[in-house]
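Q: I'd like to take a close look at one part of this protein with you. Could you walk me through its interior and then outward to what surrounds it?

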Amino acid sequence: MDSLEKIVSLCKRRGFIFPGSDVYGGFAGTWDFGPLGTTLKKNLMDAWWKFFVDDRDNIYGIDAAILMNPKTWEASGHTSTFADPLVECKECKSRFRADKIANNITESVTTEEFLDTHTKCPVCGKESWGPIRKFNMMFTTHVGAVLPDDNDELSQKSIAYLRPETAQGIFTNYKNVVDTIYPNLPFGLAQQGKAFRNEISPRDFILRDRECSQMEIEYFVAPDTWEDNFEIMRKAQHEFLEKIAGLNPSSIHEYEVPPEDRAHYSKRTIDFMFDYPNGEEELMGLAYRTDFDLSNIQKASGKSMEYRDKITKEAFIPHVIEPSIGVERLFLAVLSTAYHEDEVNGEKRIVLKLPEHLAPYKYCVSPLLKNKPELVEKAKTVYNLLRKKYGNITWDDSGNIGKRYRKQDEIGTPKCVVIDFETLENNTVTIRDRDTTEQIRKDIANL
Ligand SMILES: [Zn+2]
């Protein structure tokens with residue numbers, strides 16, 4: 001098993017992540033978070049929110065609807081350009097993203113360029129290709145009491161999209177926010193929420209799925225200050241990834257995206273790449289989107305997106321720096337950083353060395369023996385005490401102590417507390433450390 005497979009297997013075995021709709025044989029490109037995964041994911045999202053919103057004076061939160069007026073996606077360019085190069089094998093009819101099966105070509109590859117690569121079909125091995133077609137990745141749906149019908153005008157007019165990014169929900173609310181809370185530039189609007197992309201071939205576990213959670217900030221700045229603010233945001237991303245999410249700085253690589261590969265709206269983009277178990281992959285992006293979005297909204301809506309400087313009275317459309325991170329990508333980066341295998345007393349052990357503030361459970365409490373009522377009762381008292389103090393703790397009285405430790409190591413619980421006969425005499429308990437496996441005795445009052 002390679003290390004990504006090991007993590008996928010741990011995720012399923014311990015209830016972090018299950019294949020979506022597993023009971024019906026799954027549903028491609030979707031994943032469901034189980035009890036432990038939900039807690040870890042929430043801890044990550046809350047830590048991001050605290051770091052970028054609560055702990056700053058000039059970044060505010062919003063929470064926009066997933067369904068938006070379709071004009072949004074025309075103005076943003078998604079209707080026309082949010083597309084992947086789709087190619088079909090004429091022999092076996094399999095469909096692929098051209099830039100994913102051939103080397104050294106980009107998303108803007110032409111049919112001729114693709115044919116020149118002499119790529120063979122990954123399924124049947126033949127080299128017999130149809131033309132490259134642009135495949136729009138937005139999911140469509142119909143809003144209101146109409147049935148989907150390509151030939152019916154009412155039906156066509158009712159088409160709406162599941163948002164492919166959370167960013168537009170921020171841009172479309174920019175004016176409302178400026179008019180209600182009068183923030184000074186620079187200021188940011190942050191949002192966490194679901195985004196949907198109809199990936200041609202979802203793969204690599206939760207790295208390329210069809211439904212994901214994004215955490216995005218649009219940081220509005222005066223046009224001539226974009227470079228300084230880009231640097232400020234860039235440093236803040238490193239601080240978050242390394243100090244809060246606990247990733248190794250040596251596993252994060254900045255990639256300056258060349259102009260021809262940048263998204264249609266960006267004048268500068270840095271991709272933060274991460275060394276995942278199956279190779280280097282994008283973890284997050286930092287993009288300078290200029291005034292592209294607000295200008296387009298101004299044109300499409302007829303409403304002014306100008307910001308009036310409170311002192312100089314000068315009016316202009318702010319420019320935007322956008323850090324954008326996928327929660328699932330961050331989740332997998334955190335898990336693969338935490339995943340370790342070592343040996344304890346000659347026995348192989350799997351341990352998740354998660355940062356304490358992210359771990360699903362802070363403590364596990366157990367009675368040494370579950371058939372001794374006096375131990376169980378005392379353990380319940382300690383459990384209730386710690387739960388009041390720390391919130392997310394767990395109880396385990398299954399199997400023997402060694403087995404319980406193995407299980408807690410695998411889910412990343414930093415400390416296990418065991419109540420034994422000595423506890424009944426002097427009110428001390430054994431605390432066992434996940435990373436060092438060292439055990440010490442401590443008075444209950446000092447936990
Ligand atoms: Zn084929």
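Of the 82 residues in the largest nonpolar core, which touch the most other members?

A: Happy to. One thing to keep in mind from the start is that this is a predicted model. The residues you are after are Leu44, Leu330 and Phe331, which touch the most other members of the 82-residue core. Helix H12 (residues 327–338) gives this core its largest share, seven residues. The core takes residues from both domain 1 (3–68 + 168–336) and domain 2 (361–446), so it lies between the two. The centres of domain 1 and domain 2, taken over C-alpha atoms, are 38 Å apart.

Let's start at Leu44. Setting aside neighbours within four places in sequence, Leu44 is in contact with Ala245, Val327, Leu330, Phe331, Val334 and Leu358. Several of these names return when we look at how two helices meet. The axes of helices H2 and H12 come within 10 Å and cross at roughly 110°. That angle makes H2 roughly perpendicular to H12. On the H2 side, the contact is made by Leu40, Lys41, Leu44 and Met45. On the H12 side, Val327, Leu330, Phe331 and Val334 take part. An α-helix has 3.6 residues a turn, so residues three or four places apart point the same way. With that in mind, it is worth following Val327, Leu330, Phe331 and Val334 along H12 in the viewer, as they make the contact with H2.

From here we can move to domain 2, which covers residues 361–446 in the domain assignment. Look for an open sheet of five strands, in the order S20-S19-S21-S22-S23, with mixed pairing. Strand S20 (394–395) and strand S23 (439–443) stand at its edges with a single partner strand each, so one side of each has no neighbour in the sheet. Strand S22 (residues 428–433) pairs with S23 in the antiparallel sense, over five bridges. Within that pair, Arg432 stands opposite Gln439 of S23.

Two helices go with this sheet. Helix H13 (residues 373–390) lies across strand S19 (363–367), S20, strand S21 (415–419) and S22, and runs at about 165° to S19. Helix H14 (residues 401–411) also packs on the sheet, where it touches S19, S21 and S22. The direction of H14 makes about 160° with that of S21.

H14 deserves a pause. Its Tyr405, Gln408, Asp409 and Ile411 are buried. The buried residues of H14 pack against strands S19, S21 and S22, and also against helix H1 (3–14), helix H2 (35–54) and strand S18 (347–352). This brings us back to H2, the helix whose Leu44 we began with. Just after H14 comes Gly412, with a positive phi of about 85°.

Domain 1 has strand pairings of its own to trace. Strand S3 (residues 59–61) and strand S9 (residues 187–196) pair in the parallel sense, with three bridges between them. Here Ile59 has Gly188 of S9 as its bridge partner. S9 is also joined by 10 bridges to strand S10 (residues 211–221), and these two run antiparallel. In that pairing, Leu189 stands opposite Glu218 of S10.

Finally, there is a part that stands apart from the core we started with. Another core, of six residues, lies separately from the large one, and among its members are Phe96, Ala98, Ala102 and Ile132. For the strands in this stretch of the chain, look for an open sheet of three in the order S5-S4-S6, with antiparallel pairing. Strand S5 (95–97) and strand S6 (133–136) are the edge strands, each pairing on one side only. From one strand to the next, the twist averages 45°. Strand S4 (residues 83–88) pairs with S5 in the antiparallel sense over three bridges, and Val87 stands opposite Phe96 of S5. Phe96 is also one of the residues of the six-residue core.

To set all this in the whole protein: there are 15 helices and 23 strands, and the C-alpha trace spans about 75 × 65 × 50 Å along its principal axes. Buried residues make up 33% of the 447 residues. Of the contacts with a separation of 6 or more, 62% are between residues 24 or more positions apart.

Definitions and conventions: Residues numbered from 1 in each chain as written. Predicted model: local features only at pLDDT ≥ 70, side-chain atom pairs only at ≥ 80, totals over all residues. Helix = DSSP H or I, 4+ residues; strand = E, 2+ residues; numbered from the N terminus. Buried ≥ 20, exposed ≤ 12 C-beta atoms within 10 Å, placed from the backbone. Contact = placed C-beta atoms within 7 Å. Core = buried A, V, L, I, M, F, W, Y, C linked by C-beta atoms within 7 Å. Domains from an automatic or database assignment. Pairing = 2+ DSSP bridges. Axes fitted to C-alpha atoms, helices over the stretch in contact; angles between N-to-C directions. Parallel < 35°, antiparallel > 145°, perpendicular 65-115°, else oblique.
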